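Thanks, everyone. I will walk through one model this morning, beginning with a helix and then working outward to the sheet and the aromatic residues.

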Amino acid sequence: ERCPRCKVDLNAVVVGNTNLRECPRCEGIWLNSASFEQICADTEKQSSILGLAAHLPTDPMGQIEPIRYLPCPVCAGLMNRVNFAHCSYVIVDVCAKHGTWFDRDELRRIVEFIRAGGMSQARVLEAEELKSEVERLKENRERLQAGQSSGAWDGGSAWGSGCGWPSAKYDAIGIGVSAAAQVLKVLFRK
């Protein structure tokens, strides 16, 4: 496996009892999906990750790199950029089949986010979003039902079942299907 940024071979590293791959140049980390899930769930594994690297100072004057989609170290397909837990402000590169790429210091920041209760916060935000979506769908359904009850969409209205044909008037005039076929024949002769 090669670093998606530097294109050099990744070194196998064991942190605690977690196997990961690290780039010797950029210090990025590749974790397969199962190992990352274990780190997210296990406080001992989180502690070992926090001991992996010291906190790196952020440089507010640092240059902002252009967004690049990185290839998965396993399959070489482009990975998706994801805001971990939708509210961590840590953007990681994810291959749904194989794992997650963490640029330097991102894994430590995610572990800190988890330990500070970030996953609980993410669940609350997700529940609020779902509640808002349900309320929006209810309002749309109520508007649609109100439109149907006023006759705008009702199949029994003067305009039929929404097709634009005044069915009640059509039946009252006594024009049948055969009469409509006759009209069509006359139109197509021209």
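Let me start with helix α3, residues 106–115, which is mostly covered, with seven of its 10 residues buried. Those buried residues are E106, L107, R108, I110, V111, F113 and I114. For anyone looking at the spacing, a general reminder: an α-helix has 3.6 residues a turn, so residues three or four places apart point the same way. After α3 comes G117, and its phi is positive, near 90 degrees.

I should say at this point that the model is predicted.

Now the overall layout. The protein chain contains six helices and six strands. Along the sequence they follow the pattern β-β-β-α-α-β-β-β-α-α-α-α. Of the 190 residues in the protein chain, 26% are buried. The chain exposes about 13200 Å², and 56% of that is supplied by carbon and sulfur atoms. If you take contacts between residues at least 6 apart in sequence, 46% of them join residues at least 24 apart.

Next, the sheet. In what order do the six strands sit in the open sheet? The order is β1-β2-β3-β6-β5-β4, and the pairing is antiparallel. β1, residues 11–15, and β4 stand at the edges with a single partner strand each, so one side of each has no neighbour in the sheet. On average, neighbouring strands here are turned by 35 degrees against each other, direction ignored.

Within that order, look at β3 and β6. Strand β3, residues 29–32, and strand β6, residues 99–102, run antiparallel and are joined by four bridges. One residue pair to pick out is L31, whose bridge partner in β6 is T100.

Back to α3, then. This helix packs on the sheet and touches β3, β5 and β6, and its direction makes about 110 degrees with that of β6. Helix α1 lies across β2 (18–22), β3 and β6, and runs at about 95 degrees to β3.

Let me stay with T100 for a moment, since it lies in strand β6. Is T100 buried or exposed? Its relative accessibility is 6%; the cut-off for buried is under 20%, so T100 counts as buried. Leaving aside neighbours within four places in sequence, T100 is in contact with I29, W30, L31, F36, V92, D93 and V94.

One name on that contact list, F36, brings me to the aromatic residues. How many aromatic pairs does a search of the whole structure find? The search finds three. Take F36 and F84: the ring centres are 5.7 Å apart and the planes are at 65 degrees, so this pair is edge-to-face. F36 sits in helix α1, residues 33–41, while F84 is in the loop between β4 (80–83) and β5 (91–95), so the pair ties together parts that are 48 residues apart in sequence. F36 is buried, with a relative accessible area of 11%. F84 also counts as buried, at 11% relative accessibility.

Which residues form one aromatic cluster? They are F36, F84, F102 and F113. F113 takes us back to the starting point, as one of the buried residues of α3.

That is the tour. I am happy to go back to any part of it.

Key:
Residues numbered from 1 in each chain as written. Predicted model: local features only at pLDDT ≥ 70, side-chain atom pairs only at ≥ 80, totals over all residues. Heavy atoms only, no water. Phe/Tyr/Trp six-rings, centres within 6.5 Å; stacked < 30°, edge-to-face > 60°. Helix = DSSP H or I, 4+ residues; strand = E, 2+ residues; numbered from the N terminus. Buried < 20%, exposed > 50% of the residue type's maximum accessible area, 1.4 Å probe, protein only. Contact = heavy atoms within 4.5 Å. Areas by Shrake-Rupley, 256 points an atom, 1.4 Å probe, with all protein chains shown as cover. Pairing = 2+ DSSP bridges. Axes fitted to C-alpha atoms, helices over the stretch in contact; angles between N-to-C directions.
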